[in-house]
Amino acid sequence: MPLSLPGRFGLAVPHEGKRAAVTDKKSVFIKTYGCQMNVYDSDRMSDTLMPLGYATADSAENADLVILNTCHIREKAAEKVYSELGRLRVLKAARAAEGRETLVAVAGCVAQAEGEEIIARAPVVDMVFGPQTYHRLPELIERVRAGERPTATQGKAPARPKVVETEFPAEDKFDHLAAPSEKAVRSRGVTAFLTVQEGCDKFCTFCVVPYTRGSEASRPVEKIVEEAETLVAAGVREITLLGQNVNAYHGVDAGGRTVGLAGLLARLSELPRLARIRYTTSHPRDLDEALVAAHAGNSKLMPYLHLPVQSGSDRILQAMNRRHTAAEYVALIDRIRAARPDMAISGDFIVGFPGETEEDFAATMDIVRTVDYAACFSFKYSPRPGTPAAALADQVPEAVKSERLQRLQALLEEQQKVFAERLVGRTLPVLFDKPGRLPGQIVGRSPYLQPVAVMAPSSLIGEIAEVTIEATGGHSLIGRLEGEPMPARRSA
Ligand code: 5AD
Ligand code: SF4
């Protein structure tokens, strides 16, 4: 859920005229790019700023502080940030002409990777800080404001000192995460993310994550349980555990023992009001037997697994440094489905990795047919500065990448459609989380993560009810509450 939604902390109160004192009401607009871990981090930034008197603004136009929480995973994602900064330059100048100041910050993985370069390329930026520095946000803001010069006139933004913070902390990698308050959690609904693991040691040759997020670290069990208790006390019914490589989780519990992801899931499933648990993203090499067994035995663990394979060609998998073969991946999926036969599998694919031939791509199409995915993300290979694959000579032409991506996505789309259609006539437990588009309609999620629209009272939001699926609508499902009479006319 983007932080830009109005009403999360009430309406924005943009201040007029003179510079506000630190405790005055101010507003922040955080624009989140990229993965769910960034969504989680944006919420933590918001939680850090709340005690300083920052409310959430509904747009950058109404904000005293604009934070772009960025993603560096593909070139397009990073370029989007620079075009947004161009827009913010105009906006900042317009607000300055009205005597209103605007601080502009770049956070996240582009900040980590490009630090000083951002300041040089986009002078509108006042602060740049990486993913492990969010707890220091109040101090960083103070540092910028302390050096403030008089507000410039004639539409020019004031000159300011620039603050760049991209250090990885030596000790606790999770220090930067402010604890969520019950009030903030309530405003965010009945599903929540909880980061349990950060960073990655896998060094896939295409990926920037090991450089932007640093090495793998796991949050201690008790800290996670404490945060989960806060979430559940504030009405959260479903928690998705996050990590760049979440199934490499190995946190320490109160007794000093190391606990794997299956153990953590077991601990969390003891929370009575917590109904559902999910986790993402996993690497095939770290999916151990205990986790496979958890899918058979832990009823709160949802039957949905995001397990990227990236390619179906052993040659490409090796060049990607994935350190498993296509057959090993398929065997792992078989073991998971033996443990939980209705498991929905999703994944990520990259087409056009350097050196990928038509034969390699055919192997990717084959593995997709073998696995039969419920959902998938697929991308054209994007050379990332500093990664080994970017330096390879045999880059695939853009037109070839586009054509392969089209073929792959057509197959994945078809599988997703068929997966949804197979559910028609089945009765599924649905966790309702928001009002629907139509009056009298509410929307929830199936165990397989599809949105399900149902005509039902809004009092059911936050509850799980049995729903019979009657139709599919694109990627979503349409159903009726069990025990309710069939409507005369179906509404989508
Ligand atoms: N080019 C294209 N896709 C990439 N991903 C990661 N790095 C790149 C890249 N350089 C994709 C992978 C990964 C997902 C999060 O993003 O499929 O699983
Ligand atoms: Fe990147 Fe995932 Fe590979 Fe880690 S396991 S390097 S996050 S693609």
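## Overall make-up

The secondary structure of this protein comes to 13 helices and 21 strands. Please keep in mind as you browse that the model is predicted. Of the 492 residues in the protein, 54% are buried. The protein exposes about 20600 Å², and carbon and sulfur atoms supply 54% of that area.

Sequence separation is worth a look too. Among contacts with a separation of 6 or more, 73% come from residues 24 or more positions apart. Two such long-range pairs, Ile-30 with Val-66 and Arg-278 with Glu-238, come up again below.

## Helix H2 and its surroundings

Helix H2 covers residues 75–97, 23 residues in all. From first C-alpha to last it reaches 34 Å, close to the 33 Å expected at 1.5 Å a residue. Its buried residues are Ala-77, Ala-78, Val-81, Tyr-82, Glu-84, Leu-85, Leu-88, Leu-91, Lys-92, Arg-95 and Ala-96. A general point helps in reading that list: an α-helix has 3.6 residues a turn, so residues three or four places apart point the same way. And what do the buried residues of H2 pack against? Their partners are strands E1 (26–32), E3 (65–70) and E4 (103–107), together with helix H3 (108–121).

Strand E1 also holds Ile-30. With a relative accessible area of 3%, Ile-30 falls under the 20% limit and therefore counts as buried. The C-alpha atoms of Ile-30 and Val-66 are separated by 5.9 Å, although the two residues are 36 residues apart along the chain.

Just after H2, Gly-99 takes a positive phi of about 80°. Glu-101 sits in the loop between H2 and E4. Is Glu-101 buried or exposed? Its relative accessible area is 9%, so Glu-101 is buried. The side chain of Glu-101 makes a polar contact of 2.8 Å with the side chain of Arg-145.

## The surroundings of ligand 1

Around ligand 1 you will find Ile-73, Arg-74, Phe-206, Gln-310, Asp-348, Ile-350, Phe-379, Lys-380, Tyr-381, Ser-382 and Arg-384. By class, this shell divides into five nonpolar, two polar and four charged residues.

Three of these residues are worth picking out for their polar atoms. An N or O atom in the side chain of Arg-74 is 2.9 Å from an oxygen atom of ligand 1. A polar side-chain atom of Asp-348 lies 2.6 Å from an oxygen atom of the ligand. From Ser-382, a backbone N or O atom lies 2.8 Å from a nitrogen atom of ligand 1. Taken alone, ligand 1 exposes 400 Å², of which the protein buries 87%. Strand E15 (344–351) and strand E16 (375–380) are the elements that give two or more residues to this shell.

## The surroundings of ligand 2

Which residues surround ligand 2? They are Cys-200, Lys-202, Phe-203, Cys-204, Phe-206, Cys-207, Val-209, Pro-210, His-283 and Arg-322. This shell has seven nonpolar, one polar and two charged residues. Phe-206 appears in the shells of ligand 1 and ligand 2.

Phe-203, in the shell of ligand 2, lies in the loop between strand E8 (197–198) and helix H6 (209–212). Its phi is positive, at about 50°, although Phe-203 is not a glycine. Phe-203 is partly exposed, with a relative accessible area of 38%.

## Backbone features in loops

As background, most residues other than glycine have a negative phi, and most peptide bonds are trans. Arg-323 is not a glycine, yet has a positive phi of about 60°. Arg-323 lies in the loop between helix H10 (314–319) and helix H11 (326–339), and at 43% relative accessibility counts as partly exposed.

A cis peptide bond joins Thr-280 and Thr-281, with omega of about 5°. Thr-281 is found in the loop between strand E13 (276–280) and helix H9 (289–297).

## Arg-278 in strand E13

Strand E13 also contains Arg-278. What is the burial state of this charged residue? Arg-278 is buried, with a relative accessible area of 6%. Not counting residues up to four places away in sequence, Arg-278 touches Glu-238, Ile-239, Thr-240, Leu-241, Met-302, Tyr-304, Ser-446, Pro-447 and Leu-449.

Glu-238 deserves a second look. Arg-278 and Glu-238 are 40 residues apart in sequence and 7.8 Å apart in space, C-alpha to C-alpha. Their side chains are joined by a polar contact of 2.9 Å.

Note on methods: Residues numbered from 1 in each chain as written. Chains lettered and ligands numbered in written order. Predicted model: local features only at pLDDT ≥ 70, side-chain atom pairs only at ≥ 80, totals over all residues. Heavy atoms only, no water. Helix = DSSP H or I, 4+ residues; strand = E, 2+ residues; numbered from the N terminus. Expected span 1.5 Å × (residues − 1). Buried < 20%, exposed > 50% of the residue type's maximum accessible area, 1.4 Å probe, protein only. Contact = heavy atoms within 4.5 Å. Near = heavy atom within 4 Å. Polar contact = N/O pair within 3.5 Å; in protein donor to acceptor, adjacent residues only side chain to side chain. Areas by Shrake-Rupley, 256 points an atom, 1.4 Å probe, with all protein chains shown as cover. Nonpolar A, V, L, I, M, F, W, Y, C, P; charged D, E, K, R; others polar.
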